[in-house]
Amino acid sequence: MTDGAWEGARGNREVPPQDEKKGARGGNLVSPTGAKRRVVLTGAGGQLGRALAETFGTDELRALGRSDWDVTLPSPPLLTPDLVLHAAAWTDVDGAESDPQGAAAVNVGGTQNVASLGAPLVYYSTDYVFDGSKREPYVESDGPNPLSAYGRTKLHGEAAAGERAWIARSSWLFGPVGHNFVRTMLRLGAERDEVAVVDDQCGSPTYVAHLAEATRELVGLPFGVYHLTAQGECTWAEFAEAIFEDAGLDTRVRRISTEGLGRPAPRPAYSVLRSEKPETPVLPNWREGLRACLDELSTRS
Ligand SMILES: NC(=O)c1ccc[n+]([C@@H]2O[C@H](COP(=O)([O-])OP(=O)(O)OC[C@H]3O[C@@H](n4cnc5c(N)ncnc54)[C@H](OP(=O)(O)O)[C@@H]3O)[C@@H](O)[C@H]2O)c1
């Protein structure tokens, strides 16, 4: 790997959903008596998990990190949610190439265990289910063809989520905590004059707080697959330049190819997602997400 070269790593049964049938709306899970909906969140320690915990904080939330529930194991007792937000996943894209069974145990087996709770489920999936050969945005009806072991496990995880699920495909997540491209660039930018970044992969960087907000709307829609990413698109190099510009850093970006980076897992060259469903929540542009993330980081420091 080139030194300094980067790309995105990467029921309460008292209150049933309105309709239990396949394809029915699962949203509006509010009790007629006004009781709070019981929400179980997996992967609560991850970057999306943290954002979801804030956004769903007004619900009766059980936010479970890996130490509370390793999802490769059966669920803990007495979990009876109205809604499950499944944000736990094996997200080490390169690590999945050398341990595909390990990745599948979490992303497929873990999702089966989570679906076994029997409650409506939000499963977060990825742009890496596509091969990137298209040159215009992927929509929900496009056929997946993952290039990597990670992408394959996430695609099988979509099926494992079952029929009472919203499959929320997103991309290039970043936020104020956890491992992500924005935090990596801010660290490198403070240390170096120049950073080499790949310029031949195009996607839509999505701010986790915007995805969490969109999830609130999503659970009012019929079950199914939804593409939920920020508006706009860029390469990793363009993303890095925007990060340095908005953070007031002078760091230069040297544009390199994916081949030059020599990562184990193949990535799609083009993985911009758009929704063909008119009811899909619209997220802000990625530049707006970046500014919101940098603002959040500055208030935390
Ligand atoms: N990151 C992206 O760019 C991206 C893009 C598209 C879709 N997604 C999807 O979005 C979701 C959230 O991703 P993220 O970026 O928030 O990932 P993340 O920051 O890596 O968080 C994933 C969380 O899952 C936990 N986890 C891993 N294995 C587990 C297990 N066996 N049992 C319970 N928890 C486990 C991790 O715990 P540890 O910290 O202890 O490992 C971590 O807290 C995932 O489904 C991911 O596939 C991510």
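Here are a few friendly notes on the ligand site and on helix α3 of this predicted model.

1. On conventions: residues are numbered from 1 along each chain as its sequence is written, and side-chain values use heavy atoms, without hydrogens and water. Local features need pLDDT of at least 70 and side-chain atom pairs count only at pLDDT 80 or more, whereas totals for chains, interfaces and linings use all residues.

2. The ligand has 23 residues around it, each with a heavy atom within 4 Å. Leu-48, Arg-66, Thr-91, Tyr-150 and Lys-154 are the closest. By class, 11 of the shell residues are nonpolar, nine polar and three charged (Tyr and Cys count as nonpolar, Gly as polar).

3. Three polar pairs (N or O atoms within 3.5 Å) are worth a look. Ligand oxygen atoms lie 2.7 Å from a polar side-chain atom of Thr-91, 2.9 Å from a polar backbone atom of Leu-48 and 3.2 Å from a backbone N or O atom of Ala-89. The protein covers 84% of the 900 Å² of accessible area that the ligand has on its own (Shrake-Rupley method, 1.4 Å probe).

4. Among the elements lining the site, α1 (47-55), β5 (121-126) and α4 (149-160) each give at least two shell residues. The largest share, three residues, is from β5. Helices (H or I, at least four residues) and strands (E, at least two) are DSSP runs, numbered from the N terminus.

5. Helix α3 (residues 100-115) has its end C-alpha atoms 21 Å apart, which agrees with the 22 Å expected because its 16 residues advance 1.5 Å each (1.5 Å times one less than the number of residues). A kink of about 25° is centred on Gly-109, as the angle between axes fitted to the seven residues ending there and the seven starting there. Buried residues of α3 include Gly-102, Val-106 and Gly-110 (under 20% relative accessible area, 1.4 Å probe, protein chains only).

Key
Polar contact = N/O pair within 3.5 Å; in protein donor to acceptor, adjacent residues only side chain to side chain. Buried < 20%, exposed > 50% of the residue type's maximum accessible area, 1.4 Å probe, protein only.
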